[in-house]
Amino acid sequence: MLEITIDGVKTVVSENTTILVAAKNIGIKIPTLCNLKLEEYFLNNHATCRMCVVEVDKRDGLYPACSTVCWEGMNVVTNSSEIIQIRKNILELLISNHPKDCLTCSKSGECELQKLTQEFRLKEVRFDGERNHFKSEYSESIIRDPEKCIMCRRCETMCNKVQTCGVLSAVNRGFHSVVSTVYENDLDKTVCTFCGQCVSVCPVGALHERDYTWEVMQSLANPVKKVIVQVAPAVRVALGEEFGMEVGLNVEKKIVAALKKMGFDGVFDTTWAADLTIMEEATELKERLEGYLLGDEKIKLPILTSCCPAWVNFIEHNFPNLLDIPSTSKSPQQMFSAVAKNIWAPNIGIDRENLIVVSVMPCLAKKYEASRIEFIKDGNRDTDISISTRELANMIRYFNIDFNAIDGQEFDFPMGEYTGAGIIFGRTGGVLEAALRTAYEGITGEELKDISVLKIDKSKGLIIKKINIGSKELKIGVAHGLGNARKLLEEVESGKEQYHAIEIMACHDGCVGGGGQPFIHGKTEILDRRVEALNRIDEGCKLRKSHENPYIKKLYEEYFDCPCSEKAKELLHTKFIKK
């Protein structure tokens, strides 16, 4: 332990503690734009912004607090008149090379550069010189605006070290430095998975989601179209944060009421489709497992869940030789839309072309997923428009809805009824746990009375666990974060480890930490509370196994016959593409 002094306050810190952390621990704030730590899995301390410079032991020159490690007897001054003036100069230089379109910037109100400008009470910028000019890029999911890049390199750290995709990197030198892609290609010409985690950590508007709010507005205003909406499980435990509500509060019924007030013709729950997904995935698991145990050499294990579109994109790019092992079941978003357009719409006398399906998702990759060619029939998408949790919050504000005061309503039926198994799709481990609840009874022929025996608790990023299903012992793997997924898949590819089933989510903690959720600004305890909220909803459900959902049963009786039937494979399953 080391004894140091910061602004006259003596404190004790452990070795390898930075000045920034030491100051934070005793309540002293040092401004920074580039530094960010998320639990143990993400640390960006490139010390590029220099906003955190401090004086140390009265030495000449200033030290970046985010990357300077404390030593015994260190005496730090964080806020002298000289330091404040230097920080102001740095801030002015950053702003001089930054667009001034704050009024229309997607990050306005959430921008860390904007917040610092307000804290320093900047009313003018003295430096009026050359500015960088870069081309903006618009993909289906993410917009890159390099002119707003402040070279904090958070996105680079997230993409390369955490997600291991290697899409973003600092390029050029000196004044013309910027974070970009190889040869400055558009994201859809790279191995980007569109997970949106780069958007989650960007402090400014250099990376943000493609906003489809006005497309939704236009659809609602079209008298010819019937517009329905589906809401993902993780959205209900995060949206309230946008309106100052308690973190993790379940605002499901308020969401339904707000969407109906906007004029949607039907408000349904993607959780219902999660139950449908489990019926298909659990059946695949059962069939593969039984065939494998009988010695069928054609059976490929482990089975991989395929509900996360960013993860699907990742395996298509990085492990094309493993594309025969993921479950071919569509994601809940796409299952819902397929059923809505091909079964529900004809039943109520509507052509699929006149039905607009909007999805509210915690995920930016869902925007990309909706555009995949496999999910388009005769030029008409199954999911027409996908918006994020943040976009829904903005729509609620546009309609001047008092979200805190609005009375709740129930989801519409029949595609609004769900079980606890569908709800836990929103957190890491939930998809596989839900599948095991159903597979258990299918494999053993016995009722699963104690659901807790299949519980998959949150981990730091990777879980390896053995679960007994009757007389069979299954080895499962659960990964959240694509870097952890890579470790698992390399083990599978090499044959070093044998697994029966694997779940992968691209985002840490699963969908609750998706790229379209309200920004957490480094407070990872928010994700923990969202996970806990989903678990509480599951525990409070009367039905907690997907095969108990009454409308799911009815759908199979009237249309699909049974899970993985030819009809089911035609409408509810997909294929993967080597990229």
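Helices here are DSSP runs of H or I with at least four residues, strands are runs of E with at least two, and both are numbered from the N terminus. On that basis, this predicted model has 18 helices and 22 strands in its chain.

**Whole chain**

Start with everything shown as a C-alpha trace. Along its principal axes the trace spans about 80 × 55 × 45 Å. The radius of gyration is 25 Å, close to the 25 Å that the globule rule gives for 579 residues, so the chain is as compact as a globular protein of that length. Colour by accessibility next: buried residues account for 60% of the 579. If you draw contacts with a separation of 6 or more, 73% of them join residues 24 or more positions apart.

**Helix α10**

Select residues 332-347, which make up helix α10. From first C-alpha to last, these 16 residues reach 21 Å, close to the 22 Å expected at 1.5 Å a residue. Centre on Ala340, where α10 bends by about 40°. Now bring back the surroundings: 14 of the 16 residues of α10 are buried, so the helix is largely enclosed by the rest of the structure. Then step past the end of the helix to Gly349, which follows α10 and has a positive phi, near 80°.

**A three-stranded sheet**

Hide α10 and select β8, β9 and β12. These 3 strands form an open, antiparallel sheet in the order β8-β9-β12. Which strands stand at the edges? They are β8 (137-138) and β12 (207-209); each has a single partner strand, so one side of each is left without a neighbour in the sheet. Zoom in on β8 and β9 (residues 142-144), which pair in the antiparallel sense over 2 bridges. To see a bridge pair, pick Glu137 and its partner in β9, Arg144.

**Arg390**

Finish at Arg390, located in helix α12 (residues 389-398). Is this residue buried or exposed? Its relative accessible area is 6%, and buried means under 20%, so Arg390 is buried. Display side chains and look for Glu209: the side chains of Arg390 and Glu209 make a polar contact at 2.8 Å. Glu209 also lies within the residue range of β12, 207-209, so this stop leads back to an edge of the sheet.

To complete the view, show the other residues that Arg390 touches, leaving aside those up to four places away in sequence. Among them are Val199 and Glu242, along with Gly515, Gly516, Gln517, Pro518 and Phe519.

Technical notes:
Residues are numbered from 1 along each chain as its sequence is written. This is a predicted model: local features need pLDDT of at least 70, side-chain atom pairs count only at pLDDT 80 or more; totals for chains, interfaces and linings use all residues. Side-chain values use heavy atoms; hydrogens and water are left out. The expected span of a helix is 1.5 Å times one less than its number of residues. The bend at a residue is the angle between axes fitted to the seven residues ending there and the seven starting there. Buried means under 20% relative accessible area, exposed over 50%, partly exposed in between (1.4 Å probe, protein chains only). Two strands pair if DSSP finds at least two bridges between them. A polar contact is a pair of N or O atoms within 3.5 Å; within protein, one must be able to donate a hydrogen and the other to accept it, and residues adjacent in sequence count only if both atoms are side-chain atoms. Contact means heavy atoms within 4.5 Å. The radius of gyration is taken over C-alpha atoms; the globule rule is 2.2 Å times the number of residues to the power 0.38.
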